[in-house]
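Here's a quick tour of a two-part story: a sheet in one chain and a helix crossing in another. Have a look at the model first, then read on.

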Amino acid sequence: MSPSRDDQLSPPERDALAGEYVLGLLDGAELAAVERRLDTDRDFAASVERWRRHFAALDATAPPITPPADLWSRIEAGLAGLIQPSASASVTAPRPATARTSRFADWWNSLFVWRGAAFAGALATVLLAVGLFGALDRAKRQPLMVAVLLTDSNIAAAVVNTFADGRVEMLPLQSIDVPAGKALEIWTLWDRAVGPRSVGLIDRARSTPLRLDNLPLGRDQLFEITLEPASGSPTGRPTGPIIAKGTTSQRL
Amino acid sequence: MATEVKQPGEHGEIEAALLACAAGDKSALRRIYEAESPRMLGVAQRLLKRRALAEEAVQDAFVLIFRHAGRFDPERGAGLSWIYAILRNRALSILRDEKRTEASDTPIAEETASEEDDPETVMAKLSDASALRACLETLSPQRRGLVLLAFVQGLTHGEIAGRLKLPLGTVKSWIRRSLLSLKECLG
């Protein structure tokens, strides 16, 4: 993190920084700072645009490659949001089985049966709650695994704790600069073949539960925070600069 | 280089297509795709070396172009450079992602670039007419090589230092100075 670059730049500094950005040399917090500057510093943005125009001559030397026939349909699918893992679409509640026989109907309609069932259910719930309370409370307090997310310059920016009951939480350790219109998105990656999955989106650095519902969770699993548009990454994969990242380790 | 003078309100085809994209016209995106996707795939391939990743970068770039077309401001820059900036940003972030999580034995950064991506070959392909070529020629071949490696192959300071066996600080300051003399030459 280099806040020193956030102030006024002399014209040569500005042009050199803009050039480094256009060459693609910047990464991590430096990249995030430059992208913020692009929105606020018109001279800097103009310098970036000039470099882009000049270096466009180099892109023009790339040998063209005919795209595969399905690339356009993949783009269309991306536009339709089909690529994002769609939340399960089953909203319709299952319908109760219709009574076929009169005996079944009698039973189904019997107030006595349902009262009894409700009472038994309630009792079981109370017993379970009492029994589980102690265990849950212990499990709640002790994380099973911890990931410390470090910035590019090795500053611990956040921790991710995972608990025996399946909860996963992220606690920030540093305030993180989030420009207007942007948000912090939290990702996890357990298998490169699957790619990173979004597990949380927050408008500013604050403690947040992460949604890993059906995702695997294990040791050496990568968690990272990236800067994304306020509504989250439009592609379903990280698009912005990485703010911090780290992998899970088991508690002793 | 003579800066192109553009009348306000006078835009090329790409700019017009971007404005139509901003209004939700998918056929305008298709026009950009027809015109630019082969070159875009070529640029992504040079950066990412692997075809599947290059296609992913182009695919993501088009989705981003369409979604963000409303932010494109023709008064502030050319449509083509806006599109390629999105592509390059996306490709570079995939590249950094892959390097970070790479499990394979041949890291992407060390995967051999084709000879066509060699700095001097790229230099030779630069149009004689381009101001960039004339100005790159004023740099020593080694310093020119650093700038070209960064842009064409997406190498970071550290990777360039490793590949050319130079200290990191030297690479950083050489690139900085090369950029400043380029800037002076390009005007």
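What follows walks through the sheet, one of its residues, a helix pair and two loop residues.

First, some housekeeping. This is a predicted model, where local features need pLDDT of at least 70, side-chain atom pairs count only at pLDDT 80 or more, and totals for chains, interfaces and linings use all residues. Residues are numbered from 1 along each chain as its sequence is written, while chains are lettered from A and ligands numbered from 1 in the order in which they are written.

Let's start with chain A. Eight of its strands make an open, antiparallel sheet, ordered β5-β4-β7-β8-β1-β2-β3-β6. Strands here are DSSP runs of E with at least two residues, helices are runs of H or I with at least four, and both are numbered from the N terminus; two strands pair if DSSP finds at least two bridges between them. The edges belong to β5 (197-202) and β6 (208-209) of chain A, and each has a single partner strand, so one side of each has no neighbour in the sheet. Further in, β2 (residues 156-163) and β3 (residues 168-172) of chain A run antiparallel and are joined by five bridges. One of the residue pairings there puts A:Val159 opposite its bridge partner A:Leu171 in β3(A).

Now zoom in on A:Thr188, which sits in strand β4 (residues 182-189) of chain A. Leaving out residues up to four places away in sequence, its contacts include A:Pro196, A:Val199, A:Leu212 and A:Phe223 (contact means C-beta atoms, placed from the backbone, within 7 Å). A:Lys245 is 57 residues away in sequence, yet the C-alpha to C-alpha distance to A:Thr188 is 9.5 Å.

Over in chain B, the axes of α7 (residues 141-153) and α9 (residues 168-186) come within 9 Å and cross at roughly 95 degrees. That makes α7(B) roughly perpendicular to α9(B) (the class covers 65 to 115 degrees; axes are lines fitted to C-alpha atoms over the stretch in contact, with angles from 0 to 180 degrees between N-to-C directions). On the α7(B) side, B:Arg143, B:Leu146, B:Val147 and B:Ala150 meet B:Val171, B:Trp174, B:Ile175 and B:Ser178 of α9(B).

Finally, two non-glycine residues have positive phi values. The table also gives burial for each (20 or more other C-beta atoms within 10 Å is buried, 12 or fewer exposed, in between partly exposed, with C-beta atoms placed from the backbone).

| Residue | Phi | Loop | C-beta neighbours within 10 Å |
|---|---|---|---|
| A:Asp220 | near 60 degrees | between β6 and β7 (222-229) of chain A | 11, exposed |
| B:Lys49 | about 65 degrees | between α2 (26-48) and α3 (51-68) of chain B | 22, buried |

Methods: Two residues are in contact if their C-beta atoms, placed from the backbone, lie within 7 Å. Angles under 35 degrees count as roughly parallel, over 145 as roughly antiparallel, 65 to 115 as roughly perpendicular and the rest as oblique.
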